[in-house]
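Please look over the sequence and the 3D structure shown here before reading the briefing. It is written for a reader who is new to looking at protein models.

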Amino acid sequence: MSAWGPALLAAGVALVGAAGTLVAGGVAGMSIGEVARLGLFLLPAVVATTVATLAARPLLSRAPLRQRLVAVAAIAAVVSLANLGVLAQLMFVSGHDAVL
């Protein structure tokens, strides 16, 4: 597999997940503008997932299989929590906006 294979796979999975989120938003009754804005919020998550995959490959190339599996699970958990934290922060309403 080429050096880009795992990164492309991770990006593809992240894009499919983002597309599913956008479809769910549309089905739930969100307007086109809201779905587009949600899509913009999801782009950093896709980029973070791809960058984490690219960074992990050279670091794990010489590690034993057991360590690779544990590292992949840990990296996935950290990136998922970081994505969740960023998206949750973007959804908070400021005090000023709440008054309006």
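The points below deal with a pocket, a surface patch and a few single residues.

The model is a predicted one. Its largest pocket has a volume of about 800 Å³, and the residues closest to the centre of that pocket, out of the 32 that line it, are Ala 10, Thr 49, Thr 53, Ala 76 and Val 79. On the surface, Trp 4, Leu 8 and Leu 54 together make a nonpolar patch of about 340 Å².

**The largest pocket**

- Three elements each give two or more residues to the lining of the largest pocket, namely α1, α2 (32-60) and α3 (65-91).
- The largest share of this lining comes from α3, which supplies 12 residues.
- Sorted by class, the lining of the largest pocket holds 23 nonpolar residues, together with seven polar and two charged ones.
- As general background, empty space can be found by rolling a probe the size of a water molecule over the atoms.

**The nonpolar patch and Leu 8**

- Leu 8, one of the residues that make the nonpolar surface patch, is found in helix α1, which covers residues 5-27.
- Leu 8 counts as exposed because its relative accessibility is 58%, and the cut-off for that word is over 50%.

**Leu 9**

- Leu 9 also lies in helix α1, and it counts as exposed because its relative accessibility is 58%.
- Although Leu 9 and Thr 49 are 40 residues apart along the chain, their C-alpha atoms are separated by 10 Å.

**Val 27**

- Val 27 has its place in helix α1, and with a relative accessibility of 71% it is therefore counted as exposed.
- Between Val 27 and Val 47, which are 20 residues apart in sequence, the distance in space is 25 Å from C-alpha to C-alpha.

Key:
Residues numbered from 1 in each chain as written. Predicted model: local features only at pLDDT ≥ 70, side-chain atom pairs only at ≥ 80, totals over all residues. Heavy atoms only, no water. Patch = residues over 30% accessible without salt bridge, like charges linked within 9 Å, V, L, I, M, F, W, Y side chains within 5 Å. Areas by Shrake-Rupley, 256 points an atom, 1.4 Å probe, with all protein chains shown as cover. Salt bridge = Lys/Arg side-chain N within 4 Å of Asp/Glu carboxyl O. Helix = DSSP H or I, 4+ residues; strand = E, 2+ residues; numbered from the N terminus. Buried < 20%, exposed > 50% of the residue type's maximum accessible area, 1.4 Å probe, protein only. 1 Å grid on protein atoms, 1.4 Å probe; cavity = no way out; pocket = protein on both sides within 12 Å on 5 of 7 lines; lining within 4 Å. Points joined across faces, edges and corners; volume = space filled by probe spheres on them. Nonpolar A, V, L, I, M, F, W, Y, C, P; charged D, E, K, R; others polar.
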